[in-house]
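Colleague: Could you take me through one part of this model up close, the sheet and the helices and rings packed around it? I'd like one connected story rather than a list.

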Amino acid sequence: GQEHCIYASYLTEMQKGFLSRSLPETYCVIDLETTGLSARRDRIIEFAGIRYHLGQETERLSLLIRPDVPLRPEITALTGITPEMLEDAPPLEAVFPAISEFLGHDAIVAHNAPFDTGFLREAYDAIGVPMKNASIDTLKLARAAFPTMPNYKLSTLKRELGIHVAVAHRAMPDVEATAALLRLCTNELLKKGRSL
């Protein structure tokens, strides 16, 4: 029962390749849910991503991940993810090859990207592989594109910019919201004659 709106104008622009002229040819929009804010002490409990090539969606990946630290009640309250939902989920080391293959060496797009890439970098470091992906932060883009917003939380930007994704603080709906925000920011910055 989730409702998602796809604006025809965005789809038309993507099909024309308008947005792809300002973005990498291939990029992955991602979001993580975690047990807390510290990339060193806390753990990833959900990963979601959508891969785009020339502005067109080509692949999705969504995974629940069992952490090796307790899931605090406030995280369950925020995300709706319960310890029971994670009991049978695989640990990060079991699914990390799929995440790494999904991301490849392409640019990562995320809202407040240092948070997500910090957790991913810890995961890469744990297996002794350097993370080489560039990142694009929609929080920074939104500040440049829409300087009069009351704040730049994803929930605020969704409300103020008319991004209709019914669920918040779950990874895939937040990815869909971030992808819509990226399109809006790109359009606005191009109108202003600015690059990303």
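Modeller: Sure. One bit of vocabulary before we start: contact here means heavy atoms within 4.5 Å. Also keep in mind that this is a predicted model.

Let's begin with the sheet. It's an open one with 5 strands, in the order β3-β2-β1-β4-β5, and the pairing is mixed. At the edges you'll find β3 (56-64) and β5 (135-137); each has a single partner strand, so one side of each has no neighbour in the sheet. Going from one strand to the next, the twist averages 25°.

Now zoom in on the β2 and β3 end. These two strands run antiparallel and are joined over 8 bridges. If you want a landmark there, look for Tyr52, which sits opposite Glu57 in β3.

Next, the helices. α4 lies across β1 (26-34), β2, β3 and β4 (107-110), and its direction is at about 25° to β2. Helix α6 (residues 138-145) packs on the sheet too, where it touches β4 and β5, and it makes about 45° with the direction of β5.

That brings us to the rings. A pair of aromatic rings is described by how far apart the centres are and by the angle between the planes. With centres within 6.5 Å as the cut-off for a pair, the count here is 4 aromatic pairs. One of them is Phe47 with Phe102: the centres are 6.2 Å apart and the planes meet at 85°, so this pair is edge-to-face, given that anything over 60 degrees counts that way. It also bridges distant parts of the chain, since Phe47 belongs to strand β2 (residues 44-53) and Phe102 to helix α4 (residues 92-103), 55 residues apart. Phe47 and Phe102 are both buried. Phe102 has another partner as well: Arg51 lies over the face of its ring, 5.5 Å from the ring centre.

For another pair, try Phe115 and Phe119. Their ring centres are 5.0 Å apart with the planes at 55°, so they count as tilted. Both residues are in helix α5 (residues 113-126), and being 4 residues apart there puts about one helical turn between them. What about burial? Phe119, at 3% relative accessibility, is buried, while Phe115, at 23%, counts as partly exposed, because the cut-off for buried is under 20%.

Notes: Residues numbered from 1 in each chain as written. Predicted model: local features only at pLDDT ≥ 70, side-chain atom pairs only at ≥ 80, totals over all residues. Heavy atoms only, no water. Phe/Tyr/Trp six-rings, centres within 6.5 Å; stacked < 30°, edge-to-face > 60°. Buried < 20%, exposed > 50% of the residue type's maximum accessible area, 1.4 Å probe, protein only. Lys NZ or Arg CZ within 6 Å of the ring centre and 35° of its normal. Pairing = 2+ DSSP bridges. Axes fitted to C-alpha atoms, helices over the stretch in contact; angles between N-to-C directions.
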